[in-house]
Amino acid sequence: MMKKLACLALTTGAICSSAMGQSAGSLISSVGATWLDFGRSSATPLQSTSAAGTFTSPGTGGEIHNTFTAKLSTTYFVTDNIALDLAAGVPPKLKLYAQGNVSPFGPGGPSLGLENLQPLATTRAWCPTLFVKYYFFDAQTKLRPYVGIGGNYTWYSHDELNSTFSGALQEVAGPGGKVKVSLSPSWNPAFDVGASYNFSKNWYATASVTYLPLKTNATVSSVAANGQTVLANKTRITADPVIVFLGIGYRF
């Protein structure tokens with residue numbers, strides 16, 4: 001009798017475990033590849049300020065090229081249908097390709113063509129995002145689509161300029177001077193749709209598409225040896241990436 005009860009308990013436990021699915025209290029970690037599409041990216045004409053005045057170089061602009069990176073996300077199910085998801089990954093290297101002629105001291109001054117200075121600048125983007133997601137259907141359903149909304153904070157590091165462009169700015173800075181690059185950090189909303197598929201007891205395939213309305217103010221300055229900014233060049237970059245993720249997840 002005891003053996004029968006033990007077998008029944010073990011069998012029941014196994015059934016419950018396999019049927020638990022993505023239920024309240026589940027913790028799932030996912031890793032995979034991410035494609036960042038910057039087809040909507042753009043940059044405003046470069047505005048230059050110096051002792052000569054403030055001038056805009058018409059026809060200048062730029063866009064960010066598409067790229068790949070790796071992503072890791074951790075999802076915690078608060079209920080059977082509502083989950084919190086923290087997404088982060090390897091900071092992608094973003095490349096800005098520019099066009100037009102820069103005339104920082106006005107139409108009568110020296111100019112520099114940007115078409116042959118590619119990429120004009122590169123940076124690493126750090127953009128962790130916290131989502132609240134709603135999963136459709138029951139917790140035991142194998143295929144579960146979801147929608148999500150969240151908040152993102154983005155900042156940048158390892159900013160680099162094309163050597164020719166940097167050299168021209170260094171000449172303006174003069175002996176002992178330096179060239180400074182800054183990209184403003186920002187808080188941004190994020191919108192997500194996707195689905196997960198439970199193909200074995202604890203393993204999931206997952207796919208999602210995220211839209212991130214991302215913008216930053218870029219400033220490139222020539223700073224003299226005495227610390228005075230002698231030339232400041234500014235543009236507003238609209239990135240607005242569409243982020244496609246394919247990965248695999250494990251339920252703990």
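This tour goes from one strand and its partners to the cavities and pockets.

The model is predicted, so local features are given only at pLDDT of at least 70 and side-chain atom pairs only at pLDDT 80 or more, while totals for chains, interfaces and linings use all residues. Residues are numbered from 1 along each chain as its sequence is written, and side-chain values use heavy atoms, with hydrogens and water left out.

**Stop 1: strand β17**

Select residues 215–223, which form β17. Strands here are DSSP runs (E, at least two residues) and helices are H or I runs of at least four, numbered from the N terminus. Seven of the nine residues in β17 are buried, where buried means under 20% relative accessible area, exposed over 50% and partly exposed in between, with a 1.4 Å probe and protein chains only.

Next, add residues 178–183, strand β14, which pairs with β17 in the antiparallel sense over six bridges. Two strands count as paired if DSSP finds at least two bridges between them. Look for S182, which stands opposite T219 in β17.

Then add residues 229–238, strand β18, which is antiparallel to β17 and joined to it by nine bridges. Here K215 stands opposite T238. The hairpin of β17 and β18 has five residues between the strands, and G227 in it takes a positive phi near 90°.

**Stop 2: the cavities**

Rolling a probe the size of a water molecule over the atoms shows where empty space is left. A cavity is a set of points, on a 1 Å grid over the protein atoms alone, where a 1.4 Å probe fits but cannot get out; a pocket is an open set with protein on both sides within 12 Å along at least five of seven lines; lining residues have an atom within 4 Å of a point. Grid points are joined across faces, edges and corners, and a volume is the space filled by probe spheres set on the points.

How many cavities of 30 Å³ or more does a search of the whole structure find? There are three. The largest cavity holds about 440 Å³ of space. Select L96, A121, A218, T235 and I237, the closest to its centre among 34 lining residues. Strands that each supply at least two residues of this lining include β14, β17 and β18 from the previous stop. The largest share, five residues, comes from β8, which spans 93–99. By class the lining has 20 nonpolar, ten polar and four charged residues. Ala, Val, Leu, Ile, Met, Phe, Trp, Tyr, Cys and Pro count as nonpolar, Asp, Glu, Lys and Arg as charged, and the others, Gly among them, as polar.

The second largest cavity has a volume of about 150 Å³. Select S30, S73, T75, Y135 and T206, the closest to its centre of 16 lining residues. Its lining divides into five nonpolar, eight polar and three charged residues.

**Stop 3: the pockets**

Select A87, A88, G89, C127 and T129, which lie nearest the centre of the largest pocket among its 23 lining residues. The volume of the largest pocket is about 350 Å³. Its lining has 16 nonpolar, six polar and one charged residues.

The last selection is P104, L112, A168, L169 and V172, the closest to the centre of the second largest pocket among 13 lining residues. About 180 Å³ of space lies in the second largest pocket. Which element gives the largest share of its lining? Helix α2 does, with four residues. Eleven residues of this lining are nonpolar, two are polar and none is charged.
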